[in-house]
Amino acid sequence: MPSTRTPEGEFNRCGICGCESDMEPSYLFNDATCPACGHLLRYPAKVPAFSVVSHKPTRSTSTVIRQTMWLISYRIRMQIRQLKRRTLGLVFASAR
Ligand SMILES: [Zn+2]
């Protein structure tokens, strides 16, 4: 199991592969990706996403924006990958 422990990480268990991790959920979506399989891990919402940033400015706004941009691009890439996988599955299924 990969070591993903960070001081501010939150425990979660992947619903797909069962991997246990202490990921730091994103501020914007309050989720993280499973370190083992990349599945999206949801975290219970405790504090409204942006109030965390405004009340506890432990990170600069640019860092949050950069992470948010990365996450959005990552999600798009993951969706494209899933779409490709699904399309390939259909192709293989119809070829049989
Ligand atoms: Zn997983």
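The exercises below, each with a worked solution, concern a predicted model of one protein chain.

Residues are numbered from 1 along each chain as its sequence is written. Because the model is predicted, local features need pLDDT of at least 70 and side-chain atom pairs count only at pLDDT 80 or more, while totals for chains, interfaces and linings use all residues.

**Exercise 1.** State which helices and strands the protein chain has and in what order they come.

Solution. Helices (H or I, at least four residues) and strands (E, at least two) are DSSP runs, numbered from the N terminus. Counting these runs gives two helices and four strands. Along the sequence they follow the pattern β-β-β-β-α-α.

**Exercise 2.** Find where confidence in the protein chain is lowest and where it is highest.

Solution. pLDDT is the predictor's confidence in each residue, from 0 to 100. Start with the whole chain: the average is 79, and 75% of the residues score at least 70. Then go to the elements: helix α1 (residues 49–55) has the lowest confidence, at a mean of 52, and strand β2 (residues 20–23) the highest, at 91. Where pLDDT is low, the predicted coordinates should not be read in detail.

**Exercise 3.** Describe how β1 and β2 are joined.

Solution. Two strands pair if DSSP finds at least two bridges between them. Strand β1 (residues 10–13) is joined to β2 by four bridges, and the two run antiparallel. Next, place the partners: E10 is opposite M23 in β2, and R13 is opposite E20 in β2. The two strands form a hairpin with six residues between them, and G18 in the turn has a positive phi of about 80°. Last, look at the faces of β2: S21 and M23 make up the covered face, E20 and D22 the uncovered one. In a regular strand the side chains alternate between the two faces of the sheet.

**Exercise 4.** Decide whether N30 and E24 are buried, exposed or partly exposed.

Solution. A residue is buried if 20 or more other C-beta atoms lie within 10 Å of its own, exposed if 12 or fewer, and partly exposed in between, with C-beta atoms placed from the backbone. N30 is in the loop between β2 and β3 (31–33). With 18 other C-beta atoms within 10 Å, N30 is partly exposed. N30 also has a positive phi of about 55°, although it is not a glycine. E24 is in the loop between β2 and β3; its count is 14, so E24 is partly exposed. E24 lies 8.7 Å from F11, C-alpha to C-alpha, with their positions 13 residues apart in sequence.

**Exercise 5.** Explain why helix α2 lies largely in the open.

Solution. Helix α2 (residues 61–95) has 35 residues and reaches 51 Å from its first C-alpha to its last, close to the 51 Å expected; the expected span is 1.5 Å times one less than the number of residues. The number of buried residues in α2 is zero, so the helix lies largely in the open. Y74 is in helix α2 and is partly exposed, with 13 other C-beta atoms within 10 Å. Y74 and T33, 41 residues apart in sequence, are 10.0 Å apart in space, C-alpha to C-alpha. For the whole chain of 96 residues, 6% count as buried.
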